[in-house]
Amino acid sequence: MATQTGQKDADLEILLEIGESLLSDGDAAGALQAFTEVLAHAPRNTDALVGKGRALMTLDRDEQALRFLELATSVSPDRATPWMLLGTAALANGNGEVAARAFAQAQHLGLAPSESYLNLARAAYFNLDQEKAHDYVQLALTEDPGNDDARAWSEALDAISNRAAF
């Protein structure tokens with residue numbers, strides 16, 4: 001029995017590698033199939049959940065990606081990558097509240113501060129909180145004064161003349 005279990009684990013690892021390879025080669029549909037196959041045998045496999053979420057995001061199926069990434073964060077709450085991807089999918093789906101929660105958790109788990117603050121600024125922007133977005137951008141620039149994305153966000157936020165324009 002141990003041999004069958006060991007072989008099954010090896011097969012699932014191979015499928016995960018195939019999924020990652022297909023995703024990096026631009027075949028999101030093929031990757032989606034590989035990750036789905038892994039999940040059929042191991043429904044709580046974090047790598048497969050994250051891979052399927054990434055594949056769905058690549059296919060512009062962000063709402064579906066959210067479900068798999070939320071499950072990945074509940075299975076492995078101590079891994080930053082699922083939280084980052086959850087935040088990204090939430091932003092793509094227009095859900096700034098979920099994005100803010102996810103990015104805050106990723107920051108807590110050690111994501112680079114400048115990147116974390118910029119992600120939190122994006123989430124605040126989606127939540128229509130201009131002041132908080134501006135504050136997060138300033139924190140990103142404090143952490144990394146050379147961050148061109150943060151500088152561009154800062155300039156864009158500063159160019160908004162009033163709340164109605166925001």
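Here is a walk through the model, from its overall build down to a few individual residues.

What you have on screen is a predicted model, so let's begin with how far the predictor trusts it. The mean pLDDT of the protein is 91, and 94% of its residues reach 70 or more. Confidence does vary along the chain: helix α3 (residues 46-58) has the highest mean, at 98, while α1 has the lowest, at 84. As a reading habit, where pLDDT is low, the predicted coordinates shouldn't be taken in detail.

Now for the fold. The protein has nine helices and zero strands, and going from the N terminus the elements simply read α-α-α-α-α-α-α-α-α. If you lay the C-alpha atoms along the principal axes, they fill a box of roughly 65 × 25 × 25 Å. Of the 166 residues in the protein, 40% are buried.

Start at helix α1, which covers residues 2-24 and holds E13. On the surface, E13 joins D9, D11 and E17 in a patch of negative charge. E13 itself counts as partly exposed because its relative accessibility is 43%, in between the 20% and 50% cut-offs.

Charge also turns up in pairs. In general, side chains of opposite charge can pair when their charged atoms come close. The count here comes to two salt bridges. Take E20 and R54: their side chains meet in a salt bridge, with N to O at 2.8 Å. E20 belongs to helix α1 and R54 to helix α3, so this pair ties together parts that are 34 residues apart in sequence. How open are the two partners? E20 has 34% relative accessibility, so it counts as partly exposed. R54 is partly exposed as well, with a relative accessible area of 28%.

Then there is D47, whose salt bridge is with R79; their closest N and O atoms are 3.0 Å apart. This pair links distant parts of the chain, with D47 in helix α3 and R79 in the loop between α4 (62-75) and α5 (80-92), 32 residues apart. D47 comes out as partly exposed because its relative accessibility is 36%. R79, with a relative accessible area of 32%, is partly exposed too.

For something out of the solvent, look at G30 in helix α2 (residues 28-41). Why is G30 called buried? Its relative accessible area is 13%, and buried means under 20%, so G30 falls within that class. Measuring C-alpha to C-alpha, G30 and R44 are 20 Å apart in space, with a separation of 14 residues in sequence.

Finally, check the backbone torsions. Most residues other than glycine have a negative phi, which makes a couple of loop residues worth a look. D60 isn't a glycine, yet its phi is positive, at about 60 degrees. You'll find D60 in the loop between α3 and α4, and its 64% relative accessibility is why it counts as exposed. L128 is another residue other than glycine with a positive phi, near 60 degrees. L128 sits in the loop between α7 (113-126) and α8 (130-143). With 53% relative accessibility, over the 50% cut-off, L128 therefore counts as exposed.

Note on methods. Residues are numbered from 1 along each chain as its sequence is written. This is a predicted model: local features need pLDDT of at least 70, side-chain atom pairs count only at pLDDT 80 or more; totals for chains, interfaces and linings use all residues. Side-chain values use heavy atoms; hydrogens and water are left out. Patches are made of residues with over 30% relative accessible area and no salt bridge: like charges are joined within 9 Å, nonpolar side chains (Val, Leu, Ile, Met, Phe, Trp, Tyr) within 5 Å. Accessible areas come from the Shrake-Rupley method with a 1.4 Å probe; for residues, only the protein chains shown count as cover. A salt bridge is a side-chain nitrogen of Lys or Arg within 4 Å of a carboxyl oxygen of Asp or Glu. Lys and Arg count as positive and Asp and Glu as negative; His and the chain ends are not counted. The place of a charge is taken as NZ of Lys, CZ of Arg, CG of Asp or CD of Glu. Helices (H or I, at least four residues) and strands (E, at least two) are DSSP runs, numbered from the N terminus. Buried means under 20% relative accessible area, exposed over 50%, partly exposed in between (1.4 Å probe, protein chains only). pLDDT is the predictor's confidence in each residue, from 0 to 100.
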